[in-house]
Amino acid sequence: MQKLGEFKLPHFFNYPPYFTLQPVRDTREKQVQLWKELIIEYCRAQKVFIIGLEEDFPLFSNRAIERSLSHEARVAFLSALVSDGRAEWTDKGHKKCLILWHRIQEWADLIVHFVKENGLEDNVMTVEEIRSGTESRGTELYGIDRSVLMRALKLLEHKGKLVIFKGTSTDDEGVKFSL
């Protein structure tokens, strides 16, 4: 089985037709589903949040079989993720895509679990501590994209589970949990 670093690639990754958009509807639907799952799992494993269509993304080519996804195929697979609510275009030109291997509500749930597990109820933390502090090491929150984290925190704030304190810079924004 082929690997990208430690990430094991599925068998279809070595099958050349999967690098070309398939014309038959049923076959294309299966192809799109497999690529959506692969993109989500790879991004989760590698903690990738942004995919640029114009950039060299490891999944978009397979040197072993000398195949690469066309621009049209890349757009099709990422657009399918957007349609499923698992990704969002970050620009009007649809050149960069934010991958949500967890939906925002799921990230919010992970934050609540993290706070409870670490006994941080009624504590104040900076946003950066949540993203890169010692408590978050080894969790999915470690290295989380800042915009995703802020959206999850704002959702929790809206539900009355925390208060966000604005700092003089983004580095000293604080969060007080009240779970």
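The chain has five helices and 10 strands, and the model you're looking at is a predicted one. Its C-alpha atoms fill a box of roughly 55 × 35 × 30 Å along the principal axes. Let's work through some exercises on it.

**Exercise 1. Getting a feel for the chain**

Find what share of the residues count as buried, and what share of the contacts with a separation of 6 or more come from residues 24 or more positions apart.

*Solution.* Start with burial: 41% of the 179 residues count as buried. Then go to the contacts with a separation of 6 or more: 53% of those are between residues 24 or more positions apart.

**Exercise 2. The cysteines**

Work out how many disulfides there are, and why C43 and C97 do or don't bond.

*Solution.* Step one is the cut-off: two cysteine sulfur atoms have to lie within 2.5 Å to count as a disulfide. Step two is the distance. From the sulfur of C43, the closest cysteine sulfur belongs to C97 and sits 8.9 Å away, so that's too far for a bond. Step three is to try it from the other end: for C97 the closest cysteine sulfur is the one in C43, again at 8.9 Å and too far. The count therefore comes to zero disulfides. As for their surroundings, C43 is buried at a relative accessible area of 0%, and C97 counts as buried at 0% too.

**Exercise 3. Sorting aromatic pairs**

Classify the ring pairs F13/F19 and Y15/Y18 as stacked, tilted or edge-to-face.

*Solution.* The chain has 13 aromatic pairs in total. Take F13 and F19 to begin with: their centres are 5.2 Å apart and their planes make 70 degrees. Planes over 60 degrees apart count as edge-to-face, and that is the label for F13 and F19. Both of these residues are buried.

Now Y15 and Y18. Their ring centres are 5.7 Å apart with the planes at 50 degrees, so this pair is tilted. Y15 is partly exposed at 47% relative accessible area, whereas Y18 is buried at 12%.

To finish, put the pairs in context: F13, F19, Y15 and Y18 belong to one aromatic cluster that also takes in F12, W35 and F77.

**Exercise 4. How two helices cross**

Describe how helix 1 and helix 2 are arranged, and list which residues make the contact.

*Solution.* You need two numbers here, because two packed helices are described by the angle between their axes and the distance between the axes. For helix 1 (residues 25-46) and helix 2 (residues 71-83), the axes come within 9 Å and cross at roughly 75 degrees. That makes the two helices roughly perpendicular. Next, pick out the residues: helix 1 brings Q31, V32, W35, K36, I39 and I40, while helix 2 brings F77, L78, A80 and L81. Notice W35 and F77 on that list; you met both in the aromatic cluster.

**Exercise 5. Helix 5 and one of its residues**

Check the length of helix 5, find what covers its buried residues, then zoom in on M150.

*Solution.* Helix 5 covers residues 146-158, which is 13 residues. From first C-alpha to last, helix 5 reaches 18 Å, close to the 18 Å expected at 1.5 Å a residue.

Its buried residues are R146, V148, L149, M150, A152, L153 and L156. Among the elements covering them are helix 3 (104-117), helix 4 (127-132) and strands 7 (96-99), 9 (162-165) and 10 (174-177).

Now for M150, which counts as buried at 9% relative accessibility. Skipping neighbours within four places in sequence, M150 is in contact with V127, I164 and E173. M150 and A108 are 42 residues apart in sequence, with their C-alpha atoms 9.8 Å apart in space.

After helix 5 comes G160, with a positive phi near 80 degrees.

**Exercise 6. Odd backbone angles**

Say where K47 and H94 sit, and what stands out about the phi of each.

*Solution.* Keep in mind that most residues other than glycine have a negative phi. K47 is not a glycine, yet its phi is positive at about 55 degrees. K47 lies in the loop between helix 1 and strand 3 (50-52) and is partly exposed, at 33% relative accessibility.

H94 also has a positive phi, near 55 degrees, without being a glycine. Look for H94 in the loop between strand 6 (87-89) and strand 7, where H94 is partly exposed with a relative accessible area of 38%.

Technical notes. Residues numbered from 1 in each chain as written. Predicted model: local features only at pLDDT ≥ 70, side-chain atom pairs only at ≥ 80, totals over all residues. Heavy atoms only, no water. Buried < 20%, exposed > 50% of the residue type's maximum accessible area, 1.4 Å probe, protein only. Phe/Tyr/Trp six-rings, centres within 6.5 Å; stacked < 30°, edge-to-face > 60°. Helix = DSSP H or I, 4+ residues; strand = E, 2+ residues; numbered from the N terminus. Expected span 1.5 Å × (residues − 1). Contact = heavy atoms within 4.5 Å. Axes fitted to C-alpha atoms, helices over the stretch in contact; angles between N-to-C directions. Parallel < 35°, antiparallel > 145°, perpendicular 65-115°, else oblique.
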